[in-house]
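Me: Could you take me through one part of this protein in some detail? I would enjoy a close look at a single pocket, and then at a helix if there is room.

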Amino acid sequence: MKAPRTICVVGIQWGDEGKGKIVDLLAKKSEVVVRYQGGANAGHTVVVGGEKFVLHLVPSGILHRRTCVIANGVVVDLAQLIREVDELRSRGVRIEGNLHLSDRSHVVMPYHKALDAAYEGGGLRIGTTQRGIGPCYADKASRKGIRVSSLFSPAAFREMLRAHVEEKNRVLAALCGAKPMDPDVIAEEYLGYAERIKEWVADTVELVNRAVDAGKRVLFEAAQGTLLDIDFGTYPYVTSSNSDACGISAGTGVPPGKIRSILGVAKAYCTRVGEGPFPTELAGPAADRIRRTGGEYGATTGRPRRCGWFDGVASRYAVRVNGIRELAVTKLDVLSDIDEVRFATSYRLDGKKTESMPPDAEALARCEPVYETFRGWKGDLSRIRSFDDLPREAKIYLKFVERYLNVRISMVSVGRDREKTIVRG
Ligand code: IMP
């Protein structure tokens, strides 16, 4: 067995850190790229040669003809996956032999989406993407899920589906008076999908472990961000999986000891979509400016993202949870031409200063950020390729981020395209 050459890319904020671009850059140097949690709630935008690709389920490594794996921890919307593959094929991207879907992955069913919408319609609103993610993971934990492998035993699948649909019909009728779903119609639809996906289905536990043991370069890509993690995020305003490095082993079957390094990704500021506390959130023209310049609209839902300053307290906590030593900072260019840039170094909670992340969303919502203020920088950064050539003020800001988070900034993104990246040696 050779020494593992594994790396994982995780977001240290509330998702949308620009992981897609970093993964795309690293995928070039990898042999295998693995998605291990989340589902079609994610949206990775990658720009290649001026062509834009938005991927929800297929790892962006597919654009580099890498071996791409959708591992067991992902919940898969099969219709979306097939659409994505068809679109990639029509644009000349090779899928055959490059895409592998875990036989243990759970399948997002139509009633999961209906339940997601029904739960969002009353009581606590999370602001989900309504892709059925939470209800699918809930069924997985309640042992009422349907896995990819189940689709290949049609009789057992039909029987299991009938029981699940009957139960969900009762819940949906009570919640929102929904018309009952027909299990036979759903069964036909999903058995049809099974025909389409069967060439991609594999024992990915074996496939990925073999690759790691053979010393291949394996890249694990997280979706969402650490602050949306079901255990460590701003619960209950989170997604329903472990959207950080903690999710790798459960989501792939690759043991923790085989994961060599974790690269964190953070924007030079912060954004969040959906509900939930966001201490450094900006309002009015300041937020509008970042949103406009940064194109801060959800890749999956098109929702405008909430924008604010870099939250050092929350990010330092995320660095700890993931064991991050190296960080990629994205969208530094978006902050150009702002007079003052801020960074939250602590919170004030109930009159006391704290540098810890409160466990409750309610307490976090009461936290007032305490800022360190930096002089802004001017000009177009998009042609800069060396850290030393950045404006002095930008370097001061980034060096402060490094010191505060106790990490090394190894990459800085200064524009959307692949090449608009500073890689520090
Ligand atoms: P869900 O994952 O659709 O259940 O949504 C739960 C929360 O996670 C909501 O606040 C969503 O806006 C957020 N969320 C889910 N996926 C992403 C993502 O890829 N980027 C940013 N936020 C996300």
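What follows is a walk through the second largest pocket and then helix α5.

Reply: Happy to! Please keep in mind that this is a predicted model. Let's begin with the second largest pocket, which holds about 560 Å³ of space. Its lining is made up of 21 residues, and those closest to the pocket centre are Ile7, Leu26, Arg260, Ser261 and Leu263. Several elements each give two or more residues to this lining: the helix α1 (19-27) and the strands β1 (5-11), β10 (217-221), β11 (261-267) and β19 (408-413). As for chemical character, the lining has eight nonpolar residues, eight charged ones and five polar ones.

Now for the helix. α5 spans residues 154-176, and leucine 175 sits in it. With a relative accessible area of 43%, leucine 175 falls between the limits of 20% and 50%, so this residue is partly exposed. On the surface, Leu175 joins Tyr119 and Val171 in a nonpolar patch, and the three together have about 250 Å² of accessible area.

Arginine 162 also belongs to helix α5. Its relative accessibility is 34%, and therefore arginine 162 counts as partly exposed too. Arginine 162 also has a partner from further along the chain: proline 183 is 21 residues away in sequence, yet the two C-alpha atoms are 5.3 Å apart in space.

Methods
Residues are numbered from 1 along each chain as its sequence is written. This is a predicted model: local features need pLDDT of at least 70, side-chain atom pairs count only at pLDDT 80 or more; totals for chains, interfaces and linings use all residues. Side-chain values use heavy atoms; hydrogens and water are left out. On a 1 Å grid over the protein atoms alone, a cavity is a set of points where a 1.4 Å probe fits but cannot get out, and a pocket is an open set with protein on both sides within 12 Å along at least five of seven lines; lining residues have an atom within 4 Å of a point. Grid points are joined across faces, edges and corners, and a volume is the space filled by probe spheres set on the points. Helices (H or I, at least four residues) and strands (E, at least two) are DSSP runs, numbered from the N terminus. Ala, Val, Leu, Ile, Met, Phe, Trp, Tyr, Cys and Pro count as nonpolar, Asp, Glu, Lys and Arg as charged, and the others, Gly among them, as polar. Patches are made of residues with over 30% relative accessible area and no salt bridge: like charges are joined within 9 Å, nonpolar side chains (Val, Leu, Ile, Met, Phe, Trp, Tyr) within 5 Å. Accessible areas come from the Shrake-Rupley method with a 1.4 Å probe; for residues, only the protein chains shown count as cover. A salt bridge is a side-chain nitrogen of Lys or Arg within 4 Å of a carboxyl oxygen of Asp or Glu. Buried means under 20% relative accessible area, exposed over 50%, partly exposed in between (1.4 Å probe, protein chains only).
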